[in-house]
Amino acid sequence: MSYAINSLLIHGGIDGDETTGAVNVPIYQTSTYKQDGLGEDRGWEYSRTGNPTRAALEKLIADLEQGEYGLAFASGLAAINTVLSIFERGDKLIVSDNIYGGTFRILDQVFKNFGIEYKIVNTSNLEEVELAIDHTVKAIYVESPANPLLTVTDIKAVSNIAKNYNKLLIVDNTFLTPYLQRPLTLGADIVIHSGTKYLGGHSDTVSGLVVVKDSRLAERLYYLQNAIGGVLPPFDSFLMIRGIKTLGVRMDRHVANAEKVARWLVDSGYVQKVYYPGLETDPGYEVQKKQADGPGAMVSFVLDAKYDYRKFFKNLKLVTLAESLGGVESLVCHPASMTHAAIPKEIRESVGIVDELIRLSVGIEDADDIIEDLKQAIESSAK
């Protein structure tokens, strides 16, 4: 029987424990498993290779993304590292021009040392994407909406380009989660999540997730997951499953709050620009409506020059200045010095990641309280 997404969040993957009737998957807090004889295991050998609690999470995320195979990692970057490890010296990736700074860092400072190159492209411009493809390009790596400028890429259109040239399409779906967007159904080959964010949802777990449909690709990734070893522990896997159960109700509140906050920012007179694909004036609005079930809850804005952004951060009371996003609490960060500091200044500023840019992860507090805190923090930061 097929279930709607809200039912899958609770009953997808491995639903409870058949042995005891427990409604939650147990935490199998073990490093190894008894074998009945040489070559006679009971389906489990060693918890780096496989663990029943982690396997339940991996099956759950595969179900939610409408994929076939899921993999869980100790962090989003561990997931990205494993995915990038399928490439070889001389390969090149096309990447979105405002991706997460950690993704840029691992490409620029780690995989570049192994002879794997990248080319930064505005992936919302399909002509640019196609012009960037040559025989060395093996994959297109997209975030949509992208971090931190919320640029929207037409995933289906880029998938068609990738397929025409026999390239892989990798999509980071962290900002929207499978509750709002399912890239595999739009033609992506690999979907990546920082599960730390909305999927976990409570700022208490660091994790990464990968989903694919193709069995050969899955086999390669499972091999690398085991070989590299950056796997998600059993207790963290349990916390992720627990967090995912409330994803739907949380995302509904996140999005409702974000839409209200974004519209207030536009009308406030305090900012130069608001980035949010839920605004009708946003360049990605129509594509976002077409390919996703909502605009998400990330809002970025450029503070007007008459306000000191440093004082703004210090003056916040309800909203928290912190790395990360997607928790129940509202969080702000300064991309230029925090999440995207690894990107050279000239590249940052060329795409719009200026010093006055503020990224807001809108939480599930009362929306009016969030707005009031932003208002008092801005007004008290006047130069």
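The following chat concerns salt bridges and burial in a predicted model.

Me: What kind of model is this, and how are residues numbered?
Reply: The model is predicted: local features need pLDDT of at least 70, side-chain atom pairs count only at pLDDT 80 or more, and totals for chains, interfaces and linings use all residues. Residues are numbered from 1 along each chain as its sequence is written, and side-chain values use heavy atoms, with hydrogens and water left out.

Me: How many salt bridges are there in the whole structure?
Reply: A search of the whole structure gives 13. A salt bridge is a side-chain nitrogen of Lys or Arg within 4 Å of a carboxyl oxygen of Asp or Glu.

Me: Which residue pairs with Lys59?
Reply: Asp63 does, with N to O at 2.9 Å. Both belong to helix 2 (residues 52–64), where being 4 residues apart separates them by about one helical turn. Helices here are DSSP runs of H or I with at least four residues, strands are runs of E with at least two, and both are numbered from the N terminus.

Me: And what about Lys92?
Reply: Lys92 forms a salt bridge with Asp134, their closest N and O atoms being 3.3 Å apart. This pair links distant parts of the chain, 42 residues apart: Lys92 is in strand 2 (residues 92–96), and Asp134 is in the loop between helix 5 (126–132) and strand 4 (137–143).

Me: Is Lys92 buried or exposed?
Reply: Lys92 is buried, at 18% relative accessible area, whereas Asp134 is partly exposed, at 31%. Buried means under 20%, exposed over 50%, and partly exposed in between (1.4 Å probe, protein chains only).
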